[in-house]
Amino acid sequence: MRAATYDRYSTDNNDIRVRDLPDPKLFPGSVLIEVRAAGVNPVDWKVMSGGLDGLIDAVFPVIPGWDVAGTVVGTGLDTPEFAVGDEVLAYARKDVLHAGTFAELVAVEAAHVARKPADLPWEQAGALPLAGGTALRTLDLLGVTGDDTVLIHAAAGGVGSLGVQIAKARGARVLGTASPGNHDYLRELGAEPVAYGDGVVERIRELAPDGVAAVADFVGGQLDTTLAVLAPGGRHASIADNSVAEHGGHIVWVRPDGTQTQRLADLAAKGDLTVPVARTFSLEEVPEAFAASQTGHTRGKNVIVL
């Protein structure tokens with residue numbers, strides 16, 4: 001099979017190259033997926049730089065990518081829930097960096113796989129699992145309901161835009177920080193936009209004088225603002241700032257979970273969740289996709305398509 005790979009930790013995207021590798025082995029509890037689309041996430045290039053070396057071992061060459069949507073082309077001995085021809089999606093992170101999803105084929109543990117709704121485009125399906133799972137797990141930990149006013153930091157980003165929609169589907173009122181150029185976009189998603197930067201606390205307090213019930217930080221570095229606008233007894237969580245734990249907050253690190261991914265797919269099937277796709281790239285264009293992600297200004301998701 002063809003796959004994008006790198007042979008060492010590096011911050012140079014040009015160290016990624018496409019090569020031919022043996023097809024993945026199919027273990028008894030896994031399914032073999034022919035990849036149609038795979039979302040690009042900031043963690044993909046962060047782990048390439050060695051950013052998670054203390055947490056996850058690497059076996060080189062590494063195929064990057066943790067998101068996948070595609071068609072089942074093989075099943076293990078103990079996977080009665082899936083059959084060849086099923087269209088699926090998954091958050092396919094493994095315990096070792098090696099056999100990722102930026103490839104023609106990937107083997108994924110069946111318990112991590114969900115069924116793709118027939119009307120969900122491949123690009124959206126491939127971009128949904130990690131970012132959507134992160135947003136969903138954060139809102140679950142915060143216990144967000146229709147009675148809450150929720151503040152989402154970085155609401156126009158890949159995770160934040162999905163978090164806005166999930167919170168709105170629960171009936172919550174959503175405030176979202178973003179640059180002014182993204183405010184109309186947030187209004188389309190159902191959020192009340194707030195410009196970040198100097199005066200952000202005052203702007204949030206104007207919209208929610210009594211404070212907000214919950215804060216989801218999807219960018220990091222927002223703890224002071226969070227604590228300043230949180231109502232008494234409010235809840236907060238971050239995916240990028242471990243210091244929130246010292247102030248009663250949750251740290252979120254999403255786990256592969258087919259049931260959780262299926263919840264996201266079902267929301268998409270009902271029309272409650274749309275995955276904004278910023279741009280698609282070929283397998284040979286993974287370096288360009290990483291560079292686009294590294295700007296930090298992508299609205300929605302970049303996706304590798306095969």
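Biologist: In which sense do strand 10 and strand 11 pair, and over how many bridges?
Modeller: In this predicted model, strand 10 and strand 11, which covers residues 173-178, pair in the parallel sense over four bridges. One residue to look for is Leu-151, whose bridge partner in strand 11 is Leu-175.

Biologist: And what does the chain pass through from strand 10 to strand 11?
Modeller: The chain crosses through helix 4, residues 158-169, before it reaches strand 11, and this β-α-β crossover is right-handed.

Biologist: Which strand 13 residue stands opposite Ile-152?
Modeller: Ile-152 stands opposite Ala-216 in strand 13, and strand 10 pairs with strand 13, residues 212-217, in the parallel sense over four bridges.

Biologist: What about the whole sheet, how many strands form it and in what order?
Modeller: Six strands form an open sheet with parallel pairing, and their order is 12-11-10-13-14-15. Strand 12 (192-195) and strand 15 (250-251) stand at the edges with a single partner strand each, so one side of each is left without a neighbour in the sheet.

Biologist: How many bridges join strand 11 to strand 12?
Modeller: Strand 11 and strand 12 run parallel and are joined by four bridges, and Leu-175, the residue that is the bridge partner of Leu-151, stands opposite Glu-192 in strand 12. Helix 6, residues 200-207, packs on the sheet, where it touches strand 10, strand 11, strand 12 and strand 14 (230-238), and its direction makes about 155° with that of strand 12.

Biologist: Back to strand 10, how many of its residues are buried?
Modeller: Five of the five residues in strand 10 are buried, so to speak of it as mostly covered is fair by the cut-off of under 20% relative accessible area. Both faces are covered, with Thr-149, Leu-151 and His-153 buried on one side and Val-150 and Ile-152 buried on the other.

Biologist: Why do the residues take turns like that?
Modeller: In a regular strand the side chains alternate between the two faces of the sheet.

Biologist: Take Thr-149, then: why does that residue count as buried?
Modeller: Thr-149 counts as buried because its relative accessibility is 17%, and buried means under 20%. Leaving aside residues up to four places away in sequence, Thr-149 touches Arg-173, Leu-175, Val-212, Ala-213 and Ala-214.

Biologist: Is Ala-169 buried, exposed or partly exposed?
Modeller: Ala-169, which lies in helix 4, counts as partly exposed because its relative accessibility is 41%. With residues up to four places away in sequence left out, Ala-169 touches Leu-267 and Asp-272.

Biologist: Okay, strand 13 next: how many bridges join it to strand 14?
Modeller: Five bridges join strand 13 to strand 14, and the two strands run parallel, with Val-215 standing opposite His-236 in strand 14. Between strand 13 and strand 14 the chain crosses through helix 7, residues 223-229, in a right-handed β-α-β crossover. Strand 13 itself is mostly covered, since six of its six residues are buried.

Biologist: New topic: at what angle do helix 3 and helix 8 cross?
Modeller: The axes of helix 3 (residues 129-142) and helix 8 (residues 258-269) come within 10 Å and cross at roughly 95°, which means that helix 3 is roughly perpendicular to helix 8.

Biologist: Which residues meet there?
Modeller: From helix 3, Pro-129, Gly-132, Gly-133, Leu-136, Arg-137 and Asp-140 meet Gln-260, Thr-261, Arg-263 and Leu-264 of helix 8. The residues of this contact divide into three nonpolar, four polar and three charged.

Notes:
Residues numbered from 1 in each chain as written. Predicted model: local features only at pLDDT ≥ 70, side-chain atom pairs only at ≥ 80, totals over all residues. Heavy atoms only, no water. Axes fitted to C-alpha atoms, helices over the stretch in contact; angles between N-to-C directions. Parallel < 35°, antiparallel > 145°, perpendicular 65-115°, else oblique. Contact = heavy atoms within 4.5 Å. Nonpolar A, V, L, I, M, F, W, Y, C, P; charged D, E, K, R; others polar. Buried < 20%, exposed > 50% of the residue type's maximum accessible area, 1.4 Å probe, protein only. Pairing = 2+ DSSP bridges. Right-handed = clockwise from strand over helix to strand, strands pointing away.
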